[in-house]
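Work through the following exercises with the structure open beside you, and try each task before you read its solution.

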Amino acid sequence: LGFIAHLLDAGSNDMAAGAPSSAFGEWTKKDPARSSKVYEAARAGNSPALRQLFTVLVMNEDIEEGLLFAQAEEPEAKRIALSALGAMELGERYDEALNTLLQGASSNDENTALRSIEVGYRAAAQRKTLAVVGFDEQLERVLRARSSLAIHLAVNLLWLHRIALTENAINLCLAAAADVDPSNADTILHLDHATYQLVGAGHVEKVICLLSKVIDRSKGQITLDAFQNTYYALQMAGADVLGGAVVYWLLNGGTHTRQCVASEVCSVGKDDPSFSIPRLSLPPDPLDQLFLCRKAVGWFFIDPLAAVAIPLAVLRDGSPDVASDVLNLIYDPLLLSYGDKLKSYLERAVAEGGANSSSLAELLARKAALQGAKAGIERLVELHPSEMQREAARVQWHEQMAPGVEQGRRKSIFENLGAKKYILCGRSSRVPIQTEGGPPRLTETKMESFSISSELPLLSIVDPVGLDHMLFHFRFEQREQQ
């Protein structure tokens, strides 16, 4: 036992560090007396024996000894035995083991209770059945404390043993997971895996609500960047599903949630928004529909296609009582600030027809008339900015774009595929390739240009103070309580 402990310590975190334990477990299977001596040493409190107790119990499939240790008073041996029972096929002794686990789950010692509850759900999951009601009661009891260990248990149950969770147990775990500590990176990672699976299992609404609570309760310390697997699952579930999530987050989320959503859905260079708004996701109250449109314009303003998607959905499927206000939002500030892709997108909406297509056509006509009236204004020297103003605008624009560029670099698939290189100039690149028995061969790659365009909102130049005030009001106005 001492030699095995020395090997394990020397192995550290090596991939094969557990091999000595496995070999020792196999060795004890060849003679029952060997495992018996390990059990005797473990009961005497021998540290190396306790370290190997789990392996010996599992390798020998010794349910009897596992139950005896699980009922013992010594806490460390008890927890090890509980874990071992969860890794065994209990067979006909399943009910007997459950009774032992329920006794452990009712313990006042948090570690013993949490271990017993986890093993109970794991055993039920292995049999592809729901855990007995007693485990739900004990789970509710231990989760009241909201300790980091209890929250980690709740997250792992959702991730690894969801098949054994009743609807009540799932709700208990989700409620606890919403209070995850931003400093517990492992728990947050496991929660991302759990919510990814929950989306695939049809619990989309619960996941959307949970993410909003996690982000807002952490005061923005946890963002959607920590839930990239889950966000990907929402995207793969369809544009309507993602659109329903966006509507919920804008309508019911806090400032931190809305800011995270804006950073995900807003981008440049696309011809369509990344989400669509289904009829059922819109709130029934006309005032809430208008509130939703103002939030979309305020938070998504930098991406006009994302900002206009929700107002268009309200015009199509919402209340006619707010249609006039929604049309005004589309015109000012969106159409007054942007042309190009927004104009083309609205023209497609008009071509598709609908209840308010004629009103949208009138907005486009007003936009065209405004552009015609501005013809030649660029020749008025009095309106030209000074060089100092131009330089200040350039500096401000670069400062605003820098975080987006950095975020795009971090999310790029090419970041981990190759080393970063800076190319100063040239129309081709040459890379030497070593050949067998000869000099290096130069491979030349022709360089092609590619570009992406974005539009600077006109109102940020013509009336930057007024625009900032309007967007600030849209973003932070409070929803009227019914």
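**Exercise 1.** Locate Ser274 in the predicted model, and decide whether Ser274 is buried or exposed, or something in between.

*Solution.* Begin with the position along the chain: Ser274 sits in the loop that joins helix 16 to helix 17, the latter being residues 286-300. Next, take the relative accessibility, which is 34% for Ser274. Since buried means under 20% and exposed means over 50%, Ser274 counts as partly exposed. Then look at the surroundings: when residues up to four places away in sequence are not counted, Ser274 touches Ala239, Leu242 and Val265. Finally, pick out Lys29, which is 245 residues from Ser274 in sequence and, from C-alpha to C-alpha, 58 Å from Ser274 in space.

**Exercise 2.** Find which residues of helix 14 are buried, and work out why they lie on the same side of the helix.

*Solution.* Helix 14 covers residues 228-236, and its buried residues are Thr230, Tyr231, Ala233 and Leu234. These residues are on the same side of helix 14 because the arc they cover around the axis is only 155°. Now ask what lies over them: the cover includes helix 12 (185-200), helix 13 (204-217), helix 15 (239-252) and helix 16 (255-265). To finish, step just past the end of helix 14, where Gly238 has a positive phi of about 125°.

**Exercise 3.** Describe the surroundings of Asp192, and state which side chain makes a polar contact with the side chain of Asp192.

*Solution.* Asp192 belongs to helix 12. With a relative accessible area of 3%, Asp192 is buried. The partner in the polar contact is the side chain of Asn229, at 2.9 Å. Leaving aside neighbours within four places in sequence, Asp192 is in contact with Ala226, Phe227, Gln228, Asn229 and Thr230; of these, Thr230 is one of the buried residues of helix 14.

**Exercise 4.** Examine the backbone at Arg146 and at Lys219, and say what sign phi has at Arg146 and at Lys219.

*Solution.* Start from a general expectation: most residues other than glycine have a negative phi. Arg146, however, has a positive phi near 55°, and Lys219 likewise has a positive phi near 55°. Arg146 is found in the loop between helix 9 (133-143) and helix 10 (148-160), whereas Lys219 is found in the loop between helix 13 and helix 14. As for accessibility, Arg146 is partly exposed at 33%, while Lys219 is exposed at 62%.

**Exercise 5.** Identify the residues with the most contacts inside the largest nonpolar core, and then list what touches Tyr121.

*Solution.* The largest nonpolar core has 134 residues, and those with the most contacts inside it are Tyr121, Leu139, Phe275, Phe300 and Ile310. The element that gives the most to this core is helix 18 (residues 304-317), with 10 residues. Turning to Tyr121 and setting aside neighbours within four places in sequence, the contacts of Tyr121 are Ala131, Phe135, Asp136, Leu139, Leu157, His161, Ala164, Leu165 and Ala169.

**Exercise 6.** Determine how many disulfides the structure holds, using the cut-off of 2.5 Å between cysteine sulfur atoms.

*Solution.* The structure holds 0 disulfides. For Cys173, the nearest cysteine sulfur is that of Cys209, 15 Å away, so the 2.5 Å cut-off is not met. For Cys260, the nearest cysteine sulfur is that of Cys266, 12 Å away, and Cys260 is in no disulfide. Both cysteines examined here are buried, Cys173 with a relative accessible area of 0% and Cys260 with one of 8%.

Terms used:
Residues are numbered from 1 along each chain as its sequence is written. This is a predicted model: local features need pLDDT of at least 70, side-chain atom pairs count only at pLDDT 80 or more; totals for chains, interfaces and linings use all residues. Side-chain values use heavy atoms; hydrogens and water are left out. Buried means under 20% relative accessible area, exposed over 50%, partly exposed in between (1.4 Å probe, protein chains only). Helices (H or I, at least four residues) and strands (E, at least two) are DSSP runs, numbered from the N terminus. The arc is that of the directions from the helix axis to the C-beta atoms. Contact means heavy atoms within 4.5 Å. A polar contact is a pair of N or O atoms within 3.5 Å; within protein, one must be able to donate a hydrogen and the other to accept it, and residues adjacent in sequence count only if both atoms are side-chain atoms. A nonpolar core is a set of buried Ala, Val, Leu, Ile, Met, Phe, Trp, Tyr and Cys residues joined through side-chain atoms within 4.5 Å.
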